[in-house]
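I opened this model to look up its core, one residue in that core, and the contact between its chains. My notes follow the order in which I looked.

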Amino acid sequence: MSIDKDTARRVAHLARIEVPEAELETLAGELSNILGFMEQLNEVDVEGVTPMTSVTPMELKRRADVVTDGGYADKILSNAPDSREGFFAVPKVVE
Amino acid sequence: MAELSKLTIAEARDKMRAGEVTSLEVTQDCIDAIETADVLNAYSTKTFDAARAQASAADTRIAKGDAPDLCGIPLGIKDLFCTKGVASQAASNILDGFKPEYESTITQGLWDRGAVMLGKMNMDEFAMGSSNETSVYGPVVSPWRRAGSTKELTPGGSSGGSAASVAADLALGALGTDTGGSIRQPAAFTGIVGIKPTYGRCSRWGVVAFASSLDQAGPMTKSVRDAAILLEAMCGHDPKDSTSADLAVPNFEAALSGDIKGKKIGIPKEYRLDGMPDEIEKLWAEGRDMLRDAGAEIVDISLPHTKYALPAYYVIAPAEASSNLARYDGVRYGRRAQLQDGDGIDEMYSRTRAQGFGHEVQRRVMIGTYVLSAGFYDAYYRRAQRVRTLIKQDFEQVFQAGIDAILTPTTPSAAFGLGEMADVDPVQMYLNDVFTVTVNLAGLPGISVPTGLDKDGLPLGLQLIGRPWEEADLLNSAYALESAAGFVSKPDRWW
């Protein structure tokens, strides 16, 4: 599977990474090369094999559905690039 | 400068308890050593005032006789761990200025035991790299050099600062993390010991996530005994990490008898690569002989899907990374790109991520995005997960057949020069992980032990892979290998 320039542009958009138009061709080449390496997986017969979704067979623990933490908005906001009046601030989203 | 920074953790512990040295003396000696080693670029943040305060408190505790093993031991912490009020940047520009309001479970456990933090350690950005060259802080320089050469070498990666610090005696031990080999490969490149425990042994809470089903933290130390001591303090169940195992943590140090009589050590034929340097072959053969001489039975085994581990890893790890790194959006922490008039929230996201992530991280996030995208999920991600099942089954079958541990080389070569891999394609760099990624995919414990030098005088390591949850037994096999190899080389001080 080879990635063309349009696919590279689409992937960059999906990943929310701004890539200048002039660099898309190079990016497409790099991604194609890595995907080419992954093509080896097609040699493996995976018919009937269950995909591994958990590293160790264990039941995830449950806890009581109660509030155990919170009440420190100032700490949550302390690392924000922009916060105002107890909220994260971002550029205008709705016109 | 005294010689106190050269002590092992076990030696320092015993001397402190005996009243021969204080933690403050050992800590100050490490600080002095670090201050003269800036050229190695091993530390990204130094926390010396806090270290001296912790050391003094530890000395009070030791004097009272209430002293856990790690009390007063100065350590370095990989920049991937969140440490309260101290820069925790994962060596990325996108986390510039981030100071967590919380402490990772593992580091909190160390401080509760009285350990001392010297600072944070340089690494590859978001732990993505094998040479420490993707760091926003610049590469770490290995304390090792080829005989007769002044060329700067990589300490390996991603835990390069941790490895270089321990090898150069800038800390008694260090924390690393390992997603595809990031503890074991740098340990091998710098002549130290590094263990990645079973997936779930150590809490991942407060450790910046790369690939959550592969990431595990572990110790990087000067000896197997030190690895046992430090690992024990890092392990344990944590309700904040749903994948952390609720299992008792054994006394790992007590397991170090060195007796491996009757143990079955497997030698996987698939790890013999075409074009592997003779020196690596020889090292591996010597390791087999050492374990046989110590009473182990050497058994040829097969792990037939080994060849597919690397491509499966480079589907799964970037897929998980693309998901984990989605949180870096310029809203909640770190750095936001400067916006122009008229730019909206989409420009904020994409420009922040373009400026904040380095090239390799961007590449992996995009690969991950692609393999998870509609139409390709089954062909890449789901297939890789199925191959992962087969790789895990390979190991389960040999363990069921009675194999106690598996011996392999840790890396296919000794350390390479900084910049040497800059012009090769990324896949060549990924080959560094060829012997280590299988262990992460299968969730097993693996340890690298230094056992020899190459023709240029650079260290080489062998890896032992153990059964799940049997780190105690694995450490004991590693201890037997370490004792037999008698590796004592240190880098000549040039810095």
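I counted two residues as in contact if their C-beta atoms, placed from the backbone, lie within 7 Å. This is a predicted model, in which local features need pLDDT of at least 70 and side-chain atom pairs count only at pLDDT 80 or more, while totals for chains, interfaces and linings use all residues. Residues are numbered from 1 along each chain as its sequence is written, with chains lettered from A and ligands numbered from 1 in the order in which they are written.

I looked up B:Val315 and, leaving aside its neighbours within four places in sequence, found it in contact with A:Met38, B:Val371, B:Tyr380, B:Tyr381 and B:Ala384.

I then turned to the largest nonpolar core (buried Ala, Val, Leu, Ile, Met, Phe, Trp, Tyr and Cys residues joined through C-beta atoms within 7 Å; buried means that 20 or more other C-beta atoms lie within 10 Å of a residue's own). This core has 164 residues, and B:Val315 is among those with the most contacts inside it, as are B:Leu75 and B:Ala312. Helix H9 of chain B, residues 309-324 (helices are DSSP runs of H or I, at least four residues, numbered from the N terminus), gives the most to this core, with 10 residues.

Which chain gives 55 residues to the contact, and which gives 39? I noted 55 from chain B and 39 from chain A. On the side of chain B that touches chain A, the largest share, 11 residues, comes from H12(B).

Finally, I noted that 62% of the 495 residues of chain B count as buried.

Technical notes
Buried ≥ 20, exposed ≤ 12 C-beta atoms within 10 Å, placed from the backbone. Helix = DSSP H or I, 4+ residues; strand = E, 2+ residues; numbered from the N terminus.
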